[in-house]
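Work through the exercises below with the sequence and the 3D structure at hand. Each task is followed by a solution in steps.

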Amino acid sequence: MTVPQSTYDVVIVGAGIVGSALAYFLSTSKDGKKVVLIDRSFGPLKGSTGYAPGFVGQYNESNVLTQLAIDTVKEYTKIPDGIDIVGGLEIATTQEGVNKLKTRCAKAQEAGLVAKMISSEEAVNLAPNLVKGGNEAVLHFPGDGAANQIGITAFYQKEAQANGAQIFQADVSQISQADGRVQGVMTSSGFVGAKTVVLATGVWTPGLCKLDIPIPVVPVGHPYMYSEPHEPNPHKAPFVRWPEHRVYARDHGTFYGLGSYNHESTAQEPKDSAHGDWIGQFDSALNHALQFIPEKTGFVPVKRYNGIFAMTPDNMPLVGSISSTTGLYMAAAVWITHAAGSAKFLTRLMNAETVDENTKKALDPARFRGQDIVELRQESLDGYNSIYKTQENVCIM
């Protein structure tokens, strides 16, 4: 890693997918900003980016998140092997679930996305190793995909460096501020000065924030497991969700993956990585999830892990400026589904370009000003089990 110079125009703390995308987009700006991307580890990735299943479902009841996801897919498709447009399936097993899927289908079409209701038989044909027959109905999003988030992150870092940005491996312990203005960051290798600092630190964001506003980014534990290896299938299957049961699955190519939100939400502070300690209740949640996979698939778990990710009270990311500290910005709790779109939005904001005011307001990191942080943290935890509900401002992974 290159030892950084003493000062930069922009320091980005956190080299996950959103921080790396931001470094790339800023490096293409015409004003020639000197940008440095700092992280404690560039290989392997230790944040949530390195552990996420990589689903990219574009439709969300939040218009803001839907547009960010659409923008994200446009960017990912520009990257070699960045995303497989395999489609996504949402399966209903009850009549109530069917009604909800029909509503989602109609609203997704209104948003300009391709969406259609299909039969259980059609779903089995699309994903025979992940979907059982006999379901009430299925919603199909042909334009959704599965992202290669590690490859995307590496691509953005490489391109940012080619455009003159630097990367530097170090621990950041403090954001330096004076007279209401950011001064730079203190790292394990010394002080790095900058007029602008961006926190893209994911689950570690609360530990670096000494602000006059609550930043209710709550790390939560989440179980996922891999199957034994299998021969790649001739056709890549869509990823699959069972919203009523809080279960989802993906064919990763040479193995299957299965995850669940069907358990009590648990706050879990990350240590050196977003790989958390195993929690006992995860076993029953994943065992329950296995019942949705066809027996013929032979899904034999060989690896189970707790991938920590960030929740917020309204399930919206925090992307924008910190108004009380000039030069300080944030891109926190951003999912892979919205990473590139969020980075592009923040780049325009930092370059003083015109941005959509509704998006700016919805993502404003200061939107919780004046609220009690304890209550906000509880709201974040309460939203974990509601990730698949179809209501305004709920984020779908």
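**Exercise 1.** In which sense do strand 21 and strand 22 pair, and over how many bridges?

Solution. The model used here is a predicted one. Find strand 21 at residues 318–321 and set it beside strand 22: the pairing is antiparallel and has four bridges. For one of these positions, take Val319, whose bridge partner in strand 22 is Ala331. Next, follow the chain from one strand to the other. The two strands make a hairpin, with six residues between them. In the turn, Gly327 has a positive phi of about 90 degrees.

**Exercise 2.** Describe the open sheet and its edges.

Solution. Start with the order of the strands, which is 6-7-5-15-16-17-14-19-18. These nine strands have mixed pairing. Then look at the ends of the order. Strand 6 (116–118) and strand 18 (275–276) each have a single partner strand, so one side of each has no neighbour in the sheet.

For a parallel pair, take strand 5 (residues 88–92) and strand 15 (residues 239–242), joined by three bridges. Here Gly88 is opposite Phe239 of strand 15. Last, add a helix: helix 3 (residues 95–110) packs on the sheet and touches strand 5, strand 6 and strand 7 (137–141). The direction of helix 3 makes about 25 degrees with that of strand 7.

**Exercise 3.** How many residues of strand 17 are buried, and which way do they point?

Solution. First count: five of the five residues of strand 17 are buried. Then sort them by direction. Tyr256, Leu258 and Ser260 point one way, while Gly257 and Gly259 point the other way. This fits a general pattern: side chains in a regular strand alternate between the two faces of the sheet.

Now look at the partners. Strand 14 is joined to strand 17 by three bridges and runs antiparallel to strand 17; Met225 stands opposite Leu258. Strand 16 also pairs with strand 17 in the antiparallel sense, over five bridges. In that pairing, Arg250 has Gly257 as its bridge partner. Four residues lie between strand 16 and strand 17 in their hairpin, where Gly253 takes a positive phi near 110 degrees.

**Exercise 4.** At what angle do the axes of helix 2 and helix 8 cross, and which residues make the contact?

Solution. The axes come within 6 Å of each other and cross at roughly 100 degrees. Angles of 65 to 115 degrees count as roughly perpendicular, and helix 2 and helix 8 are therefore described that way. Helix 2 contributes Leu68, Asp71, Thr72, Glu75 and Tyr76 to the contact, and helix 8 contributes Ala339, Ala340, Gly341, Ser342 and Lys344. By type, these residues are four nonpolar, three polar and three charged.

**Exercise 5.** Is Val197 buried or exposed, and what is in contact with Val197?

Solution. Locate Val197 in strand 12 (residues 190–199). Its relative accessibility is 0%, and buried means under 20%, so Val197 is buried. Beyond its neighbours within four places in sequence, Val197 has contacts that include Val11, Ile175, Val182 and Leu328. Finally, compare sequence with space: Thr326 is 129 residues from Val197 along the chain, and their C-alpha atoms are 9.6 Å apart.

**Exercise 6.** Which residues touch the most other members of the largest nonpolar core?

Solution. This core has 44 residues, and the ones sought are Ile12, Leu22, Tyr76, Tyr156, Val198, Leu346 and Met350. Elements that give two or more residues to this core include helix 1 (17–27), helix 5 (149–162) and helix 8 (339–350). To check one member, take Leu346: its contacts beyond four places in sequence include Leu22, Val198 and Val319.

Conventions
Residues are numbered from 1 along each chain as its sequence is written. This is a predicted model: local features need pLDDT of at least 70, side-chain atom pairs count only at pLDDT 80 or more; totals for chains, interfaces and linings use all residues. Side-chain values use heavy atoms; hydrogens and water are left out. Two strands pair if DSSP finds at least two bridges between them. Contact means heavy atoms within 4.5 Å. Axes are lines fitted to C-alpha atoms, for helices over the stretch in contact, and angles run from 0 to 180 degrees between N-to-C directions. A nonpolar core is a set of buried Ala, Val, Leu, Ile, Met, Phe, Trp, Tyr and Cys residues joined through side-chain atoms within 4.5 Å. Buried means under 20% relative accessible area, exposed over 50%, partly exposed in between (1.4 Å probe, protein chains only). Angles under 35 degrees count as roughly parallel, over 145 as roughly antiparallel, 65 to 115 as roughly perpendicular and the rest as oblique. Ala, Val, Leu, Ile, Met, Phe, Trp, Tyr, Cys and Pro count as nonpolar, Asp, Glu, Lys and Arg as charged, and the others, Gly among them, as polar.
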